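The following report describes selected features of one molecular model, beginning with a helix and its surroundings. The sequence and structure are shown first.

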Amino acid sequence: MSESLRAAAARAQQKLEAEWRQNAIRDDGWFDATVPCGAGTPPWPGDTPFSCGWTLRIVTGGSVNLSSITMSPHVGTHADAPLHVKDGARDSDAIPVQPFNGLVHIVDVRDLSGAISRAQLAERLAVVEPVRLFLRTGHSVAEGRFPFSWPWLDAEVATDLARRGLTLLGTDAPSVDHKESKTLDTHHALFNHGANVLENLDLRDVTPGAYELRALPMRLQGADAAPVRALLRMIRAD
Ligand SMILES: [Zn+2]
């Protein structure tokens with residue numbers, strides 16, 4: 001990239017950051033991009049689904065209703081911890097908060113399949129060095145079914161972005177890797193460079209653009225992933 005293009009991109013990014021700070025003062029326009037955890041939420045095939053039992057019921061004489069839940073932390077919207085793909089790596093209690101809060105760029109990749117290349121991403125992305133990036137694949141458990149396949153970000157592109165400052169890759173699909181992957185290259189590429197992973201978002205009503213993200217992974221000690229509540233507010237459409 002030429003120096004003048006790089007300078008123009010940097011100016012555009014600065015302007016957007018200023019707009020974002022201005023907007024952050026207001027507190028309207030938020031919407032929920034979270035897939036709820038429920039009995040009907042499709043887990044990864046073979047994974048533990050959500051179920052809710054009762055320790056106490058008022059109807060049978062208890063002083064309160066007291067539920068007890070069982071689920072994989074990968075049901076519904078969640079952050080993966082590095083422990084998910086590497087023994088001895090950080091668990092979900094150590095997932096940092098800052099990467100999950102701030103300016104995020106959302107791109108629509110519903111027309112793509114397979115590994116998303118650098119060129120395919122560049123066609124859809126208004127900035128060159130996103131700090132946070134979400135992919136709307138259109139293949140999501142938010143639809144009520146576990147998807148057959150979905151596009152994913154090529155591991156080399158993920159490495160390149162993470163080296164240049166990407167801290168969070170989010171997707172509405174069940175994984176940042178492809179469904180049949182056993183090596184989980186994109187997960188490793190992100191975690192090896194300090195970036196984070198957010199999966200199973202509900203982006204059905206989201207158009208491409210710049211958004212403010214507020215999301216908080218739960219501090220589950222020893223677990224390999226954490227449920228997340230993810231809120232978005234549009235700053236600017238692309
Ligand atoms: Zn996961």
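## Helix α3

Buried positions in helix α3 (residues 155–163) are Ala155, Val157, Ala158, Thr159, Leu161 and Ala162. A residue is called buried if 20 or more other C-beta atoms lie within 10 Å of its own, exposed if 12 or fewer, and partly exposed in between, with C-beta atoms placed from the backbone. Helices (H or I, at least four residues) and strands (E, at least two) are DSSP runs, numbered from the N terminus. The model is predicted: local features need pLDDT of at least 70, side-chain atom pairs count only at pLDDT 80 or more, and totals for chains, interfaces and linings use all residues. Residues are numbered from 1 along each chain as its sequence is written.

The cover over the buried residues of α3 includes β6 (115–116), α2 (118–124), β7 (132–136), β8 (152–153), β9 and α4. Two residues are in contact if their C-beta atoms, placed from the backbone, lie within 7 Å. After α3 comes glycine 165, which has a positive phi near 115°.

## Helix α4 and its packing against α3

Six of the eight residues of α4 are buried, so that this helix is mostly covered. The buried residues are Asp185, Thr186, His187, Ala189, Leu190 and Phe191. They pack against β4 (78–80), β8, α3, β9 and β10. Glycine 194, just after α4, adopts a positive phi of about 80°.

Two packed helices are described by the angle between their axes and the distance between the axes. For α3 and α4, the angle is about 10° and the axes are 8 Å apart. This makes α3 roughly parallel to α4. Here axes are lines fitted to C-alpha atoms, for helices over the stretch in contact, and angles run from 0 to 180 degrees between N-to-C directions. Angles under 35 degrees count as roughly parallel, over 145 as roughly antiparallel, 65 to 115 as roughly perpendicular and the rest as oblique. The crossing of α3 and α4 is right-handed, the term for a near helix turned clockwise from the far one by less than a right angle, whereas an anticlockwise turn is left-handed.

On the α3 side, Ala155, Ala158, Thr159 and Ala162 meet Asp185, Thr186, Ala189 and Leu190 of α4. Sorted by class, the contact between the two helices holds five nonpolar, two polar and one charged residues. In this scheme Ala, Val, Leu, Ile, Met, Phe, Trp, Tyr, Cys and Pro are nonpolar, Asp, Glu, Lys and Arg are charged, and the others, Gly among them, are polar.

## The largest nonpolar core

The largest nonpolar core contains 48 residues, and those with the most contacts inside it are Leu153, Ala158, Leu169, Leu190, Leu198 and Ala230. Strand β12 (residues 225–237) supplies the largest share of this core, six residues. Such a core is a set of buried Ala, Val, Leu, Ile, Met, Phe, Trp, Tyr and Cys residues joined through C-beta atoms within 7 Å.

Not counting residues up to four places away in sequence, leucine 198 touches Ala79, Leu168, Gly170, Ala215, Val228 and Ala230.

## Positive phi outside glycine

Leucine 184 is not a glycine, yet its phi is positive, about 50°. This residue is located in the loop between β9 (168–171) and α4 (185–192). Leucine 184 is partly exposed, because 19 other C-beta atoms lie within 10 Å.

Asparagine 200, also a residue other than glycine, has a positive phi near 60°. Its place is the loop between β10 (196–199) and β11 (209–217). Asparagine 200 is buried, as 28 other C-beta atoms lie within 10 Å.

## Selected strand residues

Tyrosine 211 belongs to strand β11 and counts as buried, with 25 C-beta neighbours inside 10 Å. Its C-alpha atom is separated by 7.4 Å from that of isoleucine 106, 105 residues apart along the chain. Leaving aside neighbours within four places in sequence, tyrosine 211 is in contact with Val104, Ile106, Leu232, Arg233, Met234 and Ile235.

Proline 227, in strand β12, is buried, with 24 other C-beta atoms within 10 Å. Apart from neighbours within four places in sequence, proline 227 is in contact with Cys37, Pro73, Gly76, His78 and Met218. Alanine 115 lies in strand β6 and is partly exposed, with 17 other C-beta atoms within 10 Å. With the same sequence neighbours set aside, alanine 115 is in contact with Trp152 and Asp154.
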